[in-house]
Amino acid sequence: MATRSSDRSPMPRARKRFGQNFLRDGGVISRIVRAIGPRSGDRLVEIGPGQGALTGPLLEATGALEVIELDRDLIPGLRVQFYDYPEFTIHEGDALKFDFHELWRQDGRPLRVVGNLPYNISTPLIFHLLTARGAIRDMHFMLQKEVVERLAAEPGGPDWGRLSVMTQYYCAVESLFVVPPGAFVPQPKVDSAIVRLTPHAELPSPALDEAHFADVVREAFGQRRKTLRNNLKGMIDAEALAALGIDPGRRPQTLRVEEFVAISNHLAGLQPENPAATETCS
């Protein structure tokens, strides 16, 4: 890694408002890089490079990296630290508003997205990235352990919820390993974990209307302790659920992804404006 101590400008301290915890443990960094498996020619995009702990090894492996950084105070230090990498590009801005599709359109290479994500934006950022899944080959993130457990959860468990269903609808999810607080400065109060999200080449259970599917999942988990009969009241009645082979007395956390899709597709099929239904009738 072409970063010499004499080349570095002093890096600002972590800021609470950005949810910053800077990774310091060399062993953890090496393990993350091995999990990512970066190769020359990859279109790597790092969200929130911070002080460059992961940035350096990724650049060493590929020679090219694009980063998205919101904290303006960190950007000058990153420019100095990686000045001799001509294919190191900094996008100054908010990853929640960043157009990943547009980045992919530049040369058509699928993006490999990585990052130590701030806890306060991790869930909305994952939902934002799912909208750009067609442009993404895979994602490797450091997240709060609790979030990774929700992403990788299975139906019937306490962690299974809206985030689990929506992410697993679009991606294969792998929980890789836990990272203790001592790996960071400042130390967070919780454990972190590394997760790999790989968008499905073909959806295992495609919904006729994905926006409607998202609405069904949102409504179903509106009140976890209530049954589907109650949570989906006004969308679908108990008789229709039973006809789909789904007990209306079940709670939402017991349903598999394909069962949510079945409910959504049933309702979408009843809508005359649904393109799929119109096409079938023509």
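Here are four short exercises, each with a worked solution, on a predicted model.

**Exercise 1: the sheet**

Work out which strands stand at the edges of the open sheet of 7 strands.

*Solution.* Start with the strand order, which reads β4-β3-β2-β5-β6-β9-β7, with mixed pairing. Now look at the two ends of that list: β4 (87–92) and β7 (171–179) each have a single partner strand, so one side of each has no neighbour in the sheet. Those are your edge strands. On average, neighbouring strands here are turned by 20 degrees against each other, direction ignored.

Next, zoom in on one pair. Strands β2 (residues 43–47) and β3 (residues 64–69) run parallel and are joined by 3 bridges. In this pair you'll find Ile47 opposite Ile68 of β3.

**Exercise 2: helices against the sheet and each other**

Find which strands α1 and α2 touch, then decide how α7 sits relative to α11.

*Solution.* Take α1 (residues 26–36) to begin with. This helix lies across β2, β5 (111–116), β6 (136–144), β7 and β9 (192–199), and runs at about 160 degrees to β7. Helix α2 (residues 55–62) also packs on the sheet, where it touches β2, β3, β4 and β5. The direction of α2 makes about 155 degrees with that of β3.

Now for the helix pair. The angle between α7 (residues 162–170) and α11 (residues 257–269) is about 90 degrees, and their axes are 10 Å apart. Angles of 65 to 115 degrees count as roughly perpendicular, so α7 is roughly perpendicular to α11. Who makes the contact? From α7 come Val165, Gln168 and Tyr169, while α11 brings Val257, Phe260 and Val261. Sorted by class, that gives 5 nonpolar residues, 1 polar and no charged ones.

**Exercise 3: the largest pocket**

Describe the largest pocket and what lines it.

*Solution.* Begin with volume: about 560 Å³. Then go to the lining, which has 42 residues; Ile47, Gly48, Asn116, Leu117 and Pro118 are the closest to the pocket's centre. Elements giving two or more residues to this lining are β1 (22–23), α1, β2, β3, β5, β6 and β9. Finish with the classes: the lining has 23 nonpolar, 13 polar and 6 charged residues.

**Exercise 4: a peptide bond**

Say whether the bond from Val185 to Pro186 is cis or trans, and where Pro186 sits.

*Solution.* Check omega: it is near -10 degrees, and the bond is cis. Most peptide bonds are trans. As for its place, Pro186 is in the loop between β8 (184–185) and β9.

How values were computed. Residues numbered from 1 in each chain as written. Predicted model: local features only at pLDDT ≥ 70, side-chain atom pairs only at ≥ 80, totals over all residues. Heavy atoms only, no water. Pairing = 2+ DSSP bridges. Helix = DSSP H or I, 4+ residues; strand = E, 2+ residues; numbered from the N terminus. Axes fitted to C-alpha atoms, helices over the stretch in contact; angles between N-to-C directions. Contact = heavy atoms within 4.5 Å. Parallel < 35°, antiparallel > 145°, perpendicular 65-115°, else oblique. Nonpolar A, V, L, I, M, F, W, Y, C, P; charged D, E, K, R; others polar. 1 Å grid on protein atoms, 1.4 Å probe; cavity = no way out; pocket = protein on both sides within 12 Å on 5 of 7 lines; lining within 4 Å. Points joined across faces, edges and corners; volume = space filled by probe spheres on them.
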